[in-house]
Every structure is written in structure tokens, then in C-alpha cells.
Amino acid sequence: MKLHIKKGDTVVVLAGDDKGAKGRVLSVDVKKYRAVVEGVNMVTKATKPSAQHPQGGLIKKEAPINISNLSLVDPKSGKPTRIAIKVKEDGKKVRVAKKSGEEIK
């Protein structure tokens with residue numbers, strides 16, 4: 001399945017507790033149709049002491065969010081936008097914001 005969101009994209013949350021929040025995509029799970037966004041959908045998790053967390057205890061981390069609740073941010077206006085796939089003259093496919101026509105890197 002092809003998704004409109006990739007790792008490193010800036011997205012805005014459209015629905016849920018964090019509606020309106022912007023963040024960078026940290027990872028995408030294509031099979032489960034979910035993405036982890038920086039600073040969004042934070043959950044508290046109890047952990048045992050380990051090398052990473054010598055104290056253990058409660059840590060806050062991002063939980064995955066359904067991709068249908070995310071929209072890419074238009075690079076020009078900073079607002080949510082849909083995307084189109086355009087083919088350049090050299091045959092490369094690029095993602096383009098529908099609102100401004102700006103290419104999404």
C-alpha cells in the first residue's frame with residue numbers, strides 16, 4: 001500500500017485529543033496504517049530499570065496514531081493540505097501540495 005506520509009514529514013493532527021497539533025513524523029508502519037509523530041499522542045509507560053533507563057519508573061513516549069487522522073503541512077502557508085503526485089520531465093515522481101502547488105521535500 002502506498003501512503004501520502006513519509007518519515008520526516010511535518011504533519012498536523014486532524015482528529016483526536018491532540019487535534020491541531022503539528023509535529024515531525026518519526027516512523028511509519030505501513031501494514032498497520034499508523035505513524036508516530038513527535039510530541040503527539042503521548043502515553044505514560046511503566047518501565048523496569050535498564051541500560052537506557054537506569055532508574056526505571058514512568059516514562060512518557062509517543063504512541064502511534066492512525067494515518068487517516070494526519071494531514072501534511074503546506075510548505076508555503078503552514079496549513080493542512082492534500083497532496084498530488086506529479087511526474088517531472090526526467091520521469092521522477094514528486095509530491096505536490098494541492099493548495100499552493102509547492103513541491104514537498
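## Pairing, and what kind of model this is

Two strands count as paired here if DSSP finds at least two bridges between them. With that in hand, take E9 and strand E10 (residues 93–97): 5 bridges join them, and the two run antiparallel. One of those pairings puts Lys-86 across from Val-94, its bridge partner in E10. Keep in mind throughout that this is a predicted model.

## The chain as a whole

There isn't a helix to be found: the chain has 0 helices and 11 strands. Read from the N terminus, the elements simply go β-β-β-β-β-β-β-β-β-β-β.

The overall dimensions are worth a look before the details. The chain has a radius of gyration of 17 Å, whereas a compact globule of 105 residues would come in near 13 Å. Laid along the principal axes, the C-alpha atoms fill a box of roughly 55 × 30 × 20 Å. Buried residues account for 28% of the 105 residues. As for contacts between residues at least 6 apart in sequence, 39% of them join residues at least 24 apart.

## Surface and charge

The accessible surface adds up to about 7,400 Å², and carbon and sulfur atoms own 51% of that. On the charge side, the chain carries 24 positive and 11 negative side chains. The centres of these two sets sit 4 Å apart.

## The six-stranded sheet

General background first: strands of a sheet pair through backbone hydrogen bonds, either parallel or antiparallel. In this chain, 6 strands make an open sheet, ordered E6-E3-E2-E1-E7-E8, with antiparallel pairing. Strand E6 (65–66) and strand E8 (80–81) are the edges, each pairing on one side only.

Moving inward from the E6 edge, E3 and E6 pair in the antiparallel sense over 2 bridges, with Ala-35 standing opposite Ile-65 in E6. On to the next pair: strand E2 (residues 22–29) and strand E3 (residues 34–37) are antiparallel too, held by 4 bridges. Among the matched residues is Asp-29, whose bridge partner in E3 is Arg-34.

## Two positive phi values

Which residue in the hairpin of E2 and E3 takes a positive phi near 60°? That's Tyr-33, in a hairpin with 4 residues between the strands. Tyr-33 lies in the loop between E2 and E3, and its phi is positive even though the residue is something other than glycine. Its relative accessibility is 28%, so Tyr-33 counts as partly exposed.

Asn-41 plays a similar trick, with a positive phi of about 60° although it is not a glycine. You'll find Asn-41 in the loop between E3 and strand E4 (42–47). Is Asn-41 buried or partly exposed? Its relative accessible area is 26%, so Asn-41 is partly exposed.

## Val-12 in strand E1

Val-12 sits in strand E1 (residues 10–13). Its relative accessible area is 6%, and the cut-off for buried is under 20%, so Val-12 is buried.

What does Val-12 touch, once residues up to four places away in sequence are set aside? The list runs to Gly-20, Ala-21, Lys-22, Asn-69, Leu-70, Ser-71, Val-73 and Pro-80. Glu-62, for its part, is 50 residues from Val-12 in sequence, and the two are 15 Å apart in space, C-alpha to C-alpha.

## The three-stranded sheet and Lys-98

The other sheet to look at is an open one of 3 strands, in the order E9-E10-E11, and its pairing is antiparallel. Its edges are strand E9 (83–87) and strand E11 (103–104), each pairing on one side only.

Lys-98 belongs to the loop between E10 and E11. Leaving out neighbours within four places in sequence, Lys-98 is in contact with Thr-81, Arg-82, Ile-83 and Ala-84. Pro-80, one of the residues that Val-12 touches, is 18 residues from Lys-98 along the chain, and their C-alpha atoms are separated by 9.9 Å.

Definitions and conventions. Residues are numbered from 1 along each chain as its sequence is written. This is a predicted model: local features need pLDDT of at least 70, side-chain atom pairs count only at pLDDT 80 or more; totals for chains, interfaces and linings use all residues. Side-chain values use heavy atoms; hydrogens and water are left out. The radius of gyration is taken over C-alpha atoms; the globule rule is 2.2 Å times the number of residues to the power 0.38. Buried means under 20% relative accessible area, exposed over 50%, partly exposed in between (1.4 Å probe, protein chains only). Contact means heavy atoms within 4.5 Å. Accessible areas come from the Shrake-Rupley method with a 1.4 Å probe; for residues, only the protein chains shown count as cover. Lys and Arg count as positive and Asp and Glu as negative; His and the chain ends are not counted. The place of a charge is taken as NZ of Lys, CZ of Arg, CG of Asp or CD of Glu.
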